[in-house]
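Visitor: Could you walk me through how to read a helix and the core around it?
Guide: Sure, let's put it on screen.

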Amino acid sequence: MALSKRWLDHIEAWQSSDLKQSAYCRQHSLNSRTFAARLSDYRKGRGVPPLALIPVHVENAAPSIERLVLQCRQGHRLELPATVSAVWLAELLRCLA
C-alpha cells in the first residue's frame with residue numbers, strides 16, 4: 001500500500017524540522033502511533049523514492065576534512081573517516097543501489 005500524499009508531506013516536513021516525532025505530532029494534531037506506523041511503512045520502502053545519486057559541486061572546500069558524512073532524505077546518516085578508500089565507497093554505493 002502506497003502512502004498518501006498527506007502522510008508523505010508530513011513525514012518530509014518532520015524530517016526537515018528539528019522536532020522530535022512526538023512534538024511534531026502534537027503541533028500538527030496527529031496521533032503519534034499512527035505517525036510512527038506510517039513512518040515505518042515509509043522506511044520499509046512504501047512511498048520512498050528509489051535510491052539516487054545526485055551531483056554535488058563543492059567550492060572552497062576546507063583543506064583538511066576529518067570525516068565524510070552521507071545523509072539520505074529519510075534521515076539516515078553514515079559517517080566515515082576522510083581517509084576511506086574511494087573504491088570501497090563506490091562499491092558500497094553500488095550495493096545500495
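Visitor: What follows α3, and what is the sign of its phi?
Guide: Helices here are DSSP runs of H or I, at least four residues, numbered from the N terminus. G45 follows α3, and its phi is positive, near 115°. Keep in mind that this is a predicted model, where local features need pLDDT of at least 70, side-chain atom pairs count only at pLDDT 80 or more, and totals for chains, interfaces and linings use all residues. Residues are numbered from 1 along each chain as its sequence is written, and side-chain values use heavy atoms, with hydrogens and water left out.

Visitor: And what happens at the start of α3?
Guide: There, a side-chain oxygen of N31 comes to within 2.8 Å of the backbone nitrogen of R33.

Visitor: Which residues of α3 are buried?
Guide: Buried means under 20% relative accessible area (1.4 Å probe, protein chains only). For α3 those are F35, L39, D41 and Y42.

Visitor: Why do they sit on the same side of α3?
Guide: An α-helix has 3.6 residues a turn, so residues three or four places apart point the same way. In α3 the buried ones cover an arc of only 155° around the axis (taken from the directions from the axis to the C-beta atoms), which puts them on the same side.

Visitor: What do they pack against?
Guide: α1 and α2, with contact meaning heavy atoms within 4.5 Å. L39, for one, touches I11, W14 and Q21, leaving aside residues up to four places away in sequence.

Definitions and conventions
Buried < 20%, exposed > 50% of the residue type's maximum accessible area, 1.4 Å probe, protein only. Helix = DSSP H or I, 4+ residues; strand = E, 2+ residues; numbered from the N terminus. Polar contact = N/O pair within 3.5 Å; in protein donor to acceptor, adjacent residues only side chain to side chain.
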